[in-house]
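Open the model in your viewer and keep the sequence panel beside it. We'll go from stop to stop, and at each one you'll get something to select and a short note on what is there.

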Amino acid sequence: MKLGLAAGAGAVGAPALLSVQAVSRLRARTRVTDGCWWWTGTIRRPQGYGWFRDDGRRWYAHRAAWAVANGAIAPGLYVCHRCDNRLCVRPEHLFLGPHADNVRDAASKGRLRPGGNADPSIDRRPKLNAEIAGEVRAAFTGAWGDYARLARTFGVSSQAVRDIVLGRHYRHG
Ligand SMILES: [Zn+2]
């Protein structure tokens with residue numbers, strides 16, 4: 001069985017948790033809103049999840065957030081998003097499940113359509129027209145700080161920029 005990223009290292013005994021430094025880094029790179037909590041750090045592509053390194057181990061941001069809130073993730077389990085927002089690190093929006101459920105869940109909810117989710121705490125406010133969205137996609141380079149830069153350029157929120165950019169991946173999924 002293929003394990004998730006965080007379960008790979010040091011899997012004997014209790015799975016290791018994050019260092020104190022990593023927890024503070026996680027918090028520093030999280031923007032809390034009334035809906036989703038947005039990861040503002042590095043994004044791993046093409047998966048579209050936030051990630052970071054902690055003492056040589058790689059963590060997906062949402063897995064780290066779940067582990068900080070709930071404890072170690074059992075080997076073989078995945079941290080899934082109720083909100084279908086891969087950059088969300090709000091513990092209440094996350095749940096543990098086997099991979100097959102994660103995939104089925106995403107398919108049944110039709111991941112990709114922003115606004116297609118019923119949970120009222122889910123942040124799907126940005127509304128931009130297709131023309132602007134196309135320009136945002138064209139201008140996105142994936143460089144550090146790009147979301148903020150494009151948000152300033154286009155006069156929208158950085159989360160709106162994220163929605164647009166991530167939509168590109170979802171469409172091909
Ligand atoms: Zn969320």
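Start by selecting Pro46, which sits in the loop between strand 3 (43-44) and strand 4 (49-54). This is a predicted model, so treat what you see as a prediction. Now look at the bond that leads into Pro46: the peptide bond from Arg45 to Pro46 is cis, with omega near 10 degrees.

**The sheet around this loop**

Select strands 3, 4 and 5 together. These three strands make an open sheet in the order 3-4-5, with antiparallel pairing. Strand 3 and strand 5 are at the edges with a single partner strand each, so one side of each has no neighbour in the sheet. If you wonder what holds such an arrangement together, strands of a sheet pair through backbone hydrogen bonds.

Zoom in on strand 4 and strand 5. How many bridges join strand 4 to strand 5? There are four, and the two strands run antiparallel. For a pair to click on, try Trp51, which stands opposite Tyr60 in strand 5.

**Two aspartates with positive phi**

Next, select Asp55 in the loop between strand 4 and strand 5 (57-60). Asp55 isn't a glycine, yet its phi is positive, at about 55 degrees. Is Asp55 buried or exposed? Asp55 is exposed, because just 10 other C-beta atoms lie within 10 Å, and a residue with 12 or fewer counts as exposed.

Now jump to Asp84, in the loop between strand 6 (78-81) and strand 7 (94-97). Asp84 is another residue other than glycine with a positive phi, here near 60 degrees. Its surroundings are worth checking too: Asp84 has 24 other C-beta atoms within 10 Å, so Asp84 is buried. The cut-off for buried is 20 or more.

**Strands 6 and 7**

Stay in this part of the model and select strand 6 with strand 7. Four bridges join them, and they run antiparallel. One spot to pick out is Cys80, whose bridge partner in strand 7 is Phe95.

Show the side chains of strand 6. Which residues point which way? Tyr78 and Cys80 go one way, while Val79 and His81 go the other, and all of them are buried. You can compare that with the general rule that in a regular strand the side chains alternate between the two faces of the sheet.

**The helix in the middle of the tour**

Select helix 2 (residues 61-70). Helix 2 lies across strand 4 and strand 5, and runs at about 90 degrees to strand 5. Why can helix 2 be called largely enclosed by the rest of the structure? Because seven of its ten residues are buried. Colour those residues: Ala61, His62, Arg63, Ala64, Ala65, Trp66 and Ala67.

Then bring back what covers the buried residues of helix 2. The cover includes helix 1 (20-28), strand 2, strand 4, strand 5, strand 6 and strand 7. Before you leave, click on Gly71, just after helix 2, where phi is positive at about 105 degrees.

**On to helix 4**

Move along the chain to helix 4 (residues 130-139) and select Val136 there. Val136 counts as buried, because it has 23 C-beta neighbours inside 10 Å. What is Val136 in contact with, leaving aside neighbours within four places in sequence? The answer is Leu150, Phe154, Val161 and Ile164. For a distance to try in the viewer, pick the C-alpha atoms of Val136 and Ala160: these residues are 24 apart along the chain, and the atoms are separated by 9.9 Å.

**Zoom out and colour by confidence**

Show the whole chain again. There are six helices and seven strands, and of the 173 residues, 29% count as buried. Among contacts with a separation of 6 or more, 57% are between residues 24 or more positions apart.

Now colour by pLDDT. The mean for the chain is 75, and 68% of the residues reach 70 or more. Among the elements, strand 2 (residues 38-39) has the highest mean pLDDT, 96, and helix 3 (residues 99-109) has the lowest, 56. Over residues 112-117 the pLDDT is below 50, although this stretch has 14 contacts in the model beyond near neighbours in sequence. Residues 123-127 also stay under 50, with twelve contacts beyond four places in sequence. Where pLDDT is low, the predicted coordinates should not be read in detail.

Definitions and conventions. Residues are numbered from 1 along each chain as its sequence is written. This is a predicted model: local features need pLDDT of at least 70, side-chain atom pairs count only at pLDDT 80 or more; totals for chains, interfaces and linings use all residues. pLDDT is the predictor's confidence in each residue, from 0 to 100. Two residues are in contact if their C-beta atoms, placed from the backbone, lie within 7 Å. Two strands pair if DSSP finds at least two bridges between them. Axes are lines fitted to C-alpha atoms, for helices over the stretch in contact, and angles run from 0 to 180 degrees between N-to-C directions.
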